[in-house]
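Reader: Hi! I have a structure to look at and some time to ask questions. Could you walk me through it?

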Amino acid sequence: MGHPAAQTSSLLTDFLRQRGGVAIIDGGLATELERHSADLNDPLWSAKCLLTSPHLIRNVHLDYLEAGADIIITASYQATIQGFEAKGCSGEESEALLKKSVEIACEARDIYYERCQAETSDGNNDNRVLKRRPILVAASVGSYGAYLADGSEYSGNYGDEITLETLKAFHRRRVQVLAESGADLIAFETVPNKVEAQAFAELLEEENIKIPSWFSFNSKDGVNVVSGDSLVECASVAESCEKVAAVGINCTPPRFIHGLILSVKKVRCSSFVIPELVFYMFLTLFQEVENLKQSFMLLLNSLNYVLLLMQSFDPCWKYK
């Protein structure tokens, strides 16, 4: 048996190596759900579809896979046990909905592989990317602020009454359930402050979570996370946890990205920084393009920015 930290890091390292150094993460789920006529005006946001229209989530996952995504992120960003209970669900039903978010993504991956197999027979792919390749399912964990649905995920200001222990108690069972639901990794997204990063890191260790995770932070000034805490200090929290295999940035103005990644790189030169931000960003840049596949291809045909990001944390990496 190898060291647990080495095993969790190995999954992403091996995956990126298989993908030639660049892995494409899917883009905004809610944006695409709304394009499919989903009404997300609800505290659960995109997680509402787990209750009302899971087929739409599956379809969006498939759209992203057929557009070339290598990693799909589950519809659990704003899915919490507390949020579902507020809708009248029992604790057991709430946990089942969390598991369902992973099951839907895994089903989409299976359907995609079936379509890849069928394409080799009829040769008609309708401009879809139908190529069997390694695909990861990342279970999304949003911040406490996302549950509040009041925009505080973009300020990181929860008030003095919300402590480290409060946050650990809030997230603990959710993280346990998602870790045991069949996902390949956990994506802690839009982490707005240092105390929540610390809560996630301690939960991963205390619960001995077996699958790897990544942390992605958001910034509005190019130096700190949105709460004003130092990004470098937040990244150091992630780095201190053996269960965290990658650190990245999301939901951040593109002009800040290069500098932020260079800052994270200083924490540990060998760390992988997943450029998740690129793939959130392109949906904004190409939002006038109605067809998801077409906008994905625009990004793939404009890889200079992606390459810049990859080289910014691994100067030895070259696009092949």
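## Chatting through the fold

Reader: Let me start with one residue: is Ser-37 buried or exposed?

Author: Ser-37 is exposed, with a relative accessible area of 66%. Keep in mind that this is a predicted model.

Reader: Where is Ser-37 found?

Author: Ser-37 sits in the loop that runs between helix H2 (29–35) and helix H3 (48–52). Its phi is near 75°, which is a positive value in a residue other than glycine.

Reader: Why would anyone point out a positive phi?

Author: Because most residues other than glycine have a negative phi.

Reader: Okay! And what about Trp-45, what is its phi?

Author: Trp-45 has a positive phi of about 55°, although it is not a glycine. You'll find Trp-45 in the loop between H2 and H3. With a relative accessible area of 34%, Trp-45 counts as partly exposed.

Reader: Let's zoom out. How many helices and strands does the chain have?

Author: There are 14 helices and five strands in the chain. The chain has 320 residues, and 56% of them count as buried.

Reader: What about contacts between residues far along the sequence?

Author: Take the contacts in the chain between residues at least 6 apart in sequence: 78% of them join residues at least 24 apart.

Reader: In what order do the five strands line up in the sheet?

Author: The order is E1-E2-E3-E4-E5, in an open sheet with parallel pairing. Strand E1 (71–73) and E5 stand at the edges with a single partner strand each, so one side of each is left without a neighbour in the sheet. On average, neighbouring strands of this sheet are turned by 25° against each other, direction ignored.

Reader: What holds paired strands together, in general?

Author: Strands of a sheet pair through backbone hydrogen bonds, either parallel or antiparallel.

Reader: So how many bridges are there between E4 and E5?

Author: Five bridges, with strand E4 (residues 213–217) and E5 paired in the parallel sense. Within that pairing, Phe-217 stands opposite Ile-249 in E5. E4 also pairs with strand E3 (residues 185–191): four bridges join them, and they run parallel. There, Phe-188 has Phe-215 in E4 as its bridge partner.

Reader: Which helix goes with E4 and E5 in a β-α-β unit?

Author: That is helix H10 (residues 231–240), and the unit made by E4, H10 and E5 is right-handed.

Reader: Which strands do other helices lie across?

Author: Helix H8 (residues 164–179) lies across strand E2 (136–141) and E3, running at about 170° to E2. Helix H9 (residues 194–206) lies across E2, E3, E4 and E5, and it runs at about 175° to E4.

Reader: Back to E5: how many of its residues are buried?

Author: Six of its six residues are buried, so strand E5 (residues 244–249) is mostly covered. Ala-246 lies in strand E5. At 2% relative accessibility, Ala-246 counts as buried because the cut-off is under 20%.

Reader: How far apart in space are Ala-246 and Ser-216?

Author: They are 8.4 Å apart, C-alpha to C-alpha, while being 30 residues apart in sequence.

Reader: New topic, aromatic rings! How many aromatic pairs are there?

Author: A search of the whole structure finds 10 aromatic pairs. One of them is Tyr-144 with Tyr-147, a tilted pair at 5.9 Å centre to centre with 45° between the planes.

Reader: Why are Tyr-144 and Tyr-147 separated by about one helical turn?

Author: Because they are three residues apart in helix H7 (residues 144–148). Tyr-144 is buried, with a relative accessible area of 14%, whereas Tyr-147 is partly exposed at 28%.

Reader: And what kind of pair do Phe-215 and Phe-217 form?

Author: An edge-to-face one: 6.4 Å centre to centre, with 70° between the planes. Phe-215 is buried at a relative accessible area of 0%, and Phe-217 is buried at 1%.

Reader: Which residues do ring pairs link into a cluster?

Author: Tyr-144, Tyr-147, Tyr-158 and Phe-170 are linked into one by ring pairs.

Reader: Last one! Which residue lies over the face of Tyr-113?

Author: Arg-132 does, at 3.9 Å from the ring centre.

Definitions and conventions: Residues are numbered from 1 along each chain as its sequence is written. This is a predicted model: local features need pLDDT of at least 70, side-chain atom pairs count only at pLDDT 80 or more; totals for chains, interfaces and linings use all residues. Side-chain values use heavy atoms; hydrogens and water are left out. Helices (H or I, at least four residues) and strands (E, at least two) are DSSP runs, numbered from the N terminus. Buried means under 20% relative accessible area, exposed over 50%, partly exposed in between (1.4 Å probe, protein chains only). Rings of Phe, Tyr and Trp (its six-membered ring) pair if their centres lie within 6.5 Å; planes under 30 degrees apart count as stacked, over 60 as edge-to-face and the rest as tilted. A charge sits over a ring if NZ of Lys or CZ of Arg is within 6 Å of the ring centre and within 35 degrees of the ring normal. Two strands pair if DSSP finds at least two bridges between them. A crossover is right-handed if, with the strands pointing away from the viewer, the path from the first strand over the helix to the second runs clockwise. Axes are lines fitted to C-alpha atoms, for helices over the stretch in contact, and angles run from 0 to 180 degrees between N-to-C directions. Contact means heavy atoms within 4.5 Å.
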